[in-house]
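The following exercises are intended for a reader who meets this structure for the first time. Please attempt each task before turning to its solution.

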Amino acid sequence: MEEVVERVVNESALTCALPTTVPHAYRLGGPVSSLTYSLPLQVLQPRPHFSLDVKTRSHEGLLFFTGTRGGRAHLALYMSKGRIRLSVAKEKEIFNREKYNDGKWHSVMFSLEKKKFRLVVDGIRALDGQLTSAELTSMQQFMSPVYLGSVPEGLHQQLKTKALPKHSVSGCIRNFKMNGASMTEPSANHGAGPCFEGQTQKGAYFSGRGAHVIVNDTFVLGSSFELLFNIRPRSHSGLLLYVGEPSRYGGDTSHSLSVYMLRGEVVAKVTNGKGEFMVSVKPKSTLCDGMFHKISVIKRKNVVQLHVDTVDNYKIGPPLSITPLTKNPLYVGGIPELSRKHVLPVSASFVGCIDDMTINSEPVLFNRLSAVVGSVNLKECPAG
């Protein structure tokens, strides 16, 4: 067991050229894309001041939200018809008439100052908003956390009541500050990936460090399974896909399928209750060459076949008379930390781009997935 751990540590040190990203920036977009910041309540009282930079082509979407106890009041920054608007208390709003969905960076400052609330975009100040004494009182009980981008589903009804968008703006946010202090590390990240410099293209970019998505949380791994996808990796080792029911004792009595990279090889491993069998393909040249590579995994009963570009291999495992129809999550890019130690000889999450994935002939639409953990850019990859 110690040898496996040592090998994993060595493998994680092997890296490829990483894409150029915008410092202290996150790419938001998708139904659940959000950053959560848990704060001491005194930070939100009595006169909170926030600032951030935004770059987007979205006409509408949520940028920032925090609510008060019981949902009576809120402070929300959002886009509507290309304009940046600040919504306060129950229904007070301010904005200026410029449109900011031009794909360029814009600086935004917003704050509460006693009975006034203020919005400044690129140095242009909107007409200050005014609060009544009752509204001011309701605004003194802000709840932690605050959200950038989307908010949890439990708050959607509150957003609807206040006519606020429930989904995040699709674009980049950087330099988020509260009361002048830079907020570099969120307490939770769900699908807010890196913001790339230069051209981008379609696909989903996984940043590693535990980032993953759940494609289907009740997937049945039957006797037949077919996986097709393209990858452009930025590391030599990492988990690509896992589905199955781990053995309680960490042995090979489970029913599972895992696909991963290890030292530049691609491996498909199956456990079927009777034992473990795996097939690997070493590509003709490194997968870390900046190009997309086509991978397919086909399992038919106790045979697993693996193709990587033009190279293929297969393995015949022990026969199994009955395949259990257990429902389990199907993970792509990584798995939850608690599950890692019993499953694979590689613990690293995948780093790089995945595109054109189909599972049993069904396309995986990453930009519509609602179960996303960590820094995953669900809408785009760096072009180079």
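## Exercise 1: The open sheet

Strand β4 pairs with strand β12 (residues 146–149) in the antiparallel sense, over 2 bridges. The model examined here is predicted.

**Task.** Determine the order of the strands in the open sheet of 7 strands, and state which strands are its edges.

**Solution.**

Step 1. Begin with the pairing of β4 and β12, in which F64 stands opposite L148 in β12.

Step 2. Turn to β5, which pairs with β4 in the antiparallel sense over 6 bridges. Here the bridge partner of L62 is Y78 in β5.

Step 3. Continue to β6. Strand β5 (residues 74–80) and strand β6 (residues 83–89) are antiparallel and pair over 7 bridges. L77 has L86 as its bridge partner in β6, and M79 stands opposite I84 in β6.

Step 4. Add β7, which runs antiparallel to β6 and is joined to it by 4 bridges. In this pair, the bridge partner of R85 is F95 in β7.

Step 5. Assemble the order. The sheet reads β7-β6-β5-β4-β12-β2-β15, with antiparallel pairing. Its edge strands are β7 (92–95) and β15 (188–190), each of which pairs on one side only. From one strand to the next, the twist averages 15°.

## Exercise 2: Turns and burial in the sheet

**Task.** Describe how β4, β5, β6 and β7 are connected by hairpins, and decide whether β4 is enclosed or open.

**Solution.**

Step 1. Examine the hairpin of β4 and β5, which has 6 residues between the strands. In its turn, G70 has a positive phi of about 80°.

Step 2. Examine the hairpin of β5 and β6, with 2 residues between the strands. K81 in this turn has a positive phi of about 55°.

Step 3. Examine the link from β6 to β7, which is a hairpin through 2 residues.

Step 4. Consider burial, for which the cut-off is under 20% relative accessible area. In strand β4 (residues 61–67), 7 of the 7 residues are buried, so the strand is largely enclosed by the rest of the structure. Strand β6 is mostly covered, with 7 of its 7 residues buried.

## Exercise 3: Salt bridges

**Task.** State how many salt bridges a search of the whole structure finds, and explain what the pair R174 and D53 ties together.

**Solution.**

Step 1. Give the total: the search finds 10 salt bridges.

Step 2. Locate R174 and D53, whose side chains meet in a salt bridge (3.2 Å, N to O). R174 belongs to strand β13 (residues 171–178) and D53 to strand β3 (residues 49–56), so this pair ties together parts that are 121 residues apart in sequence. R174 counts as partly exposed at 23% relative accessibility, whereas D53 counts as buried at 13%.

Step 3. Compare the salt bridge between the side chains of D356 and K202 (2.9 Å, N to O). Because D356 lies in strand β29 (residues 351–359) and K202 in the loop between β17 (200–201) and β18 (204–207), the pair ties together parts that are 154 residues apart in sequence. D356 is partly exposed, with a relative accessible area of 44%.

Step 4. Consider K269, which lies in strand β23 (residues 265–272). The side chain of K269 meets that of E276 in a salt bridge (3.5 Å, N to O). K269 is buried, at 8% relative accessible area, while E276 counts as partly exposed at 40%. The C-alpha atoms of K269 and K315 are separated by 9.7 Å, and these residues are 46 apart along the chain.

Step 5. Note also a network of salt bridges that links R118, R125 and D128.

## Exercise 4: The largest cavity

**Task.** Identify the strand that gives the most to the lining of the largest cavity, and describe that lining.

**Solution.**

Step 1. Count the cavities: the whole structure holds 2 of 30 Å³ or more. The largest contains about 70 Å³ of space.

Step 2. List the residues that line the largest cavity: F219, L221, V243, G244, E245, H255, P324, T326 and N328.

Step 3. Assign the main contributor. Strand β21 (residues 238–245) gives the most to this lining, with 3 residues.

Step 4. Sort the lining residues by character: 4 are nonpolar, 4 polar and 1 charged.

Note on methods: Residues numbered from 1 in each chain as written. Heavy atoms only, no water. Salt bridge = Lys/Arg side-chain N within 4 Å of Asp/Glu carboxyl O. Buried < 20%, exposed > 50% of the residue type's maximum accessible area, 1.4 Å probe, protein only. 1 Å grid on protein atoms, 1.4 Å probe; cavity = no way out; pocket = protein on both sides within 12 Å on 5 of 7 lines; lining within 4 Å. Points joined across faces, edges and corners; volume = space filled by probe spheres on them. Nonpolar A, V, L, I, M, F, W, Y, C, P; charged D, E, K, R; others polar. Pairing = 2+ DSSP bridges. Axes fitted to C-alpha atoms, helices over the stretch in contact; angles between N-to-C directions.
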